[in-house]
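Visitor: Can we go through this one together? I would like to ask about it bit by bit.
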Amino acid sequence: MIQKAIFKINPNAVVTVRGTDIDTCELEWQEETTPISKEDIKAMIPVVEQEIKDAEQAAIDKKASGKQKLKDLG
């Protein structure tokens, strides 16, 4: 989730993340990537989580819609 938040802020970031908790993880910025503060990353995590939930729900809705269309066709 941390990397997804980083890439949401900077899609071109090159970073190694060690750990899964934003408060205790180690971030190693590479290839002259401008570091992003942990506070900014932490603020982006809920946005990324919501996007994932929305995508999952959209997939469920699409599948249900397709099934309904088939039922409607008989």
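Visitor: What follows α2, and what is its phi?

Guide: Bear in mind that this is a predicted model. After α2 comes G74, with a positive phi near 95°.

Visitor: What span should α2 have, and how far apart are its end C-alpha atoms?

Guide: Helix α2 covers residues 38-73, which is 36 residues. At 1.5 Å a residue the expected span is 52 Å, and the end C-alpha atoms are 52 Å apart, so the two agree.

Visitor: Where in α2 is the kink?

Guide: The kink lies at M44, shortly before the proline P46, and amounts to about 25°.

Visitor: Which residues of α2 are buried?

Guide: They are I41, M44, I45 and V48. M44 is thus both the site of the kink and one of the buried residues.

Visitor: And what do those buried residues pack against?

Guide: Two elements: helix α1, residues 2-9, and strand β2, residues 26-29.

Visitor: Let's stay with α1. How do the axes of α1 and α2 cross?

Guide: They cross at roughly 100° and come within 8 Å of each other. That angle makes α1 roughly perpendicular to α2, because angles of 65 to 115 degrees are counted that way.

Visitor: Which residues meet there?

Guide: From α1 the contact takes in I2, K4, A5, I6, K8 and I9. From α2 it takes in D40, I41, M44, I45, V47, V48, E51 and I52.

Visitor: How many of those are nonpolar, polar or charged?

Guide: In the contact of α1 with α2, 10 residues are nonpolar, 4 are charged and none is polar.

Visitor: Take I45 by itself. Is it buried or exposed?

Guide: I45, in helix α2, has a relative accessibility of 13%. Buried means under 20%, so I45 counts as buried.

Visitor: What does I45 touch, leaving out residues up to four places away in sequence?

Guide: I45 touches M1, I2, A5 and I22. I2 and A5 are also among the α1 residues in the contact with α2.

Visitor: How far is I45 from Q57?

Guide: Their C-alpha atoms are separated by 18 Å, and the two residues are 12 apart along the chain.

Visitor: Further along α2, is D54 buried, exposed or partly exposed?

Guide: D54 is in helix α2 and has a relative accessible area of 43%. That value falls between the cut-offs of 20% and 50%, so D54 is partly exposed.

Visitor: How far is D54 from V14?

Guide: C-alpha to C-alpha they are 26 Å apart, with their positions 40 residues apart in sequence.

Visitor: Where is V14, then?

Guide: V14 is in the loop between α1 and β1, the latter being residues 15-18. At 24% relative accessibility V14 counts as partly exposed.

Visitor: What does V14 touch beyond residues up to four places away in sequence?

Guide: V14 touches E28, W29, Q30, E31 and T33. For a longer separation, the C-alpha atoms of V14 and K71 are 48 Å apart, and these residues are 57 apart along the chain.

Visitor: You mentioned E31. Where is it?

Guide: E31 is in the loop between β2 and α2, and E32 is in that loop as well.

Visitor: What is the phi of E31?

Guide: About 50°, which is positive although E31 is not a glycine. E32 has a positive phi of about 60° and is not a glycine either. Most residues other than glycine have a negative phi.

Visitor: Are those two buried or exposed?

Guide: E31 has a relative accessible area of 68%, so it is exposed. E32 is at 82% and also counts as exposed.

Visitor: Last one: how far is E31 from Q57?

Guide: They are 36 Å apart in space, C-alpha to C-alpha, and 26 residues apart in sequence.

Methods: Residues are numbered from 1 along each chain as its sequence is written. This is a predicted model: local features need pLDDT of at least 70, side-chain atom pairs count only at pLDDT 80 or more; totals for chains, interfaces and linings use all residues. Side-chain values use heavy atoms; hydrogens and water are left out. Helices (H or I, at least four residues) and strands (E, at least two) are DSSP runs, numbered from the N terminus. The expected span of a helix is 1.5 Å times one less than its number of residues. The bend at a residue is the angle between axes fitted to the seven residues ending there and the seven starting there. Buried means under 20% relative accessible area, exposed over 50%, partly exposed in between (1.4 Å probe, protein chains only). Contact means heavy atoms within 4.5 Å. Axes are lines fitted to C-alpha atoms, for helices over the stretch in contact, and angles run from 0 to 180 degrees between N-to-C directions. Angles under 35 degrees count as roughly parallel, over 145 as roughly antiparallel, 65 to 115 as roughly perpendicular and the rest as oblique. Ala, Val, Leu, Ile, Met, Phe, Trp, Tyr, Cys and Pro count as nonpolar, Asp, Glu, Lys and Arg as charged, and the others, Gly among them, as polar.
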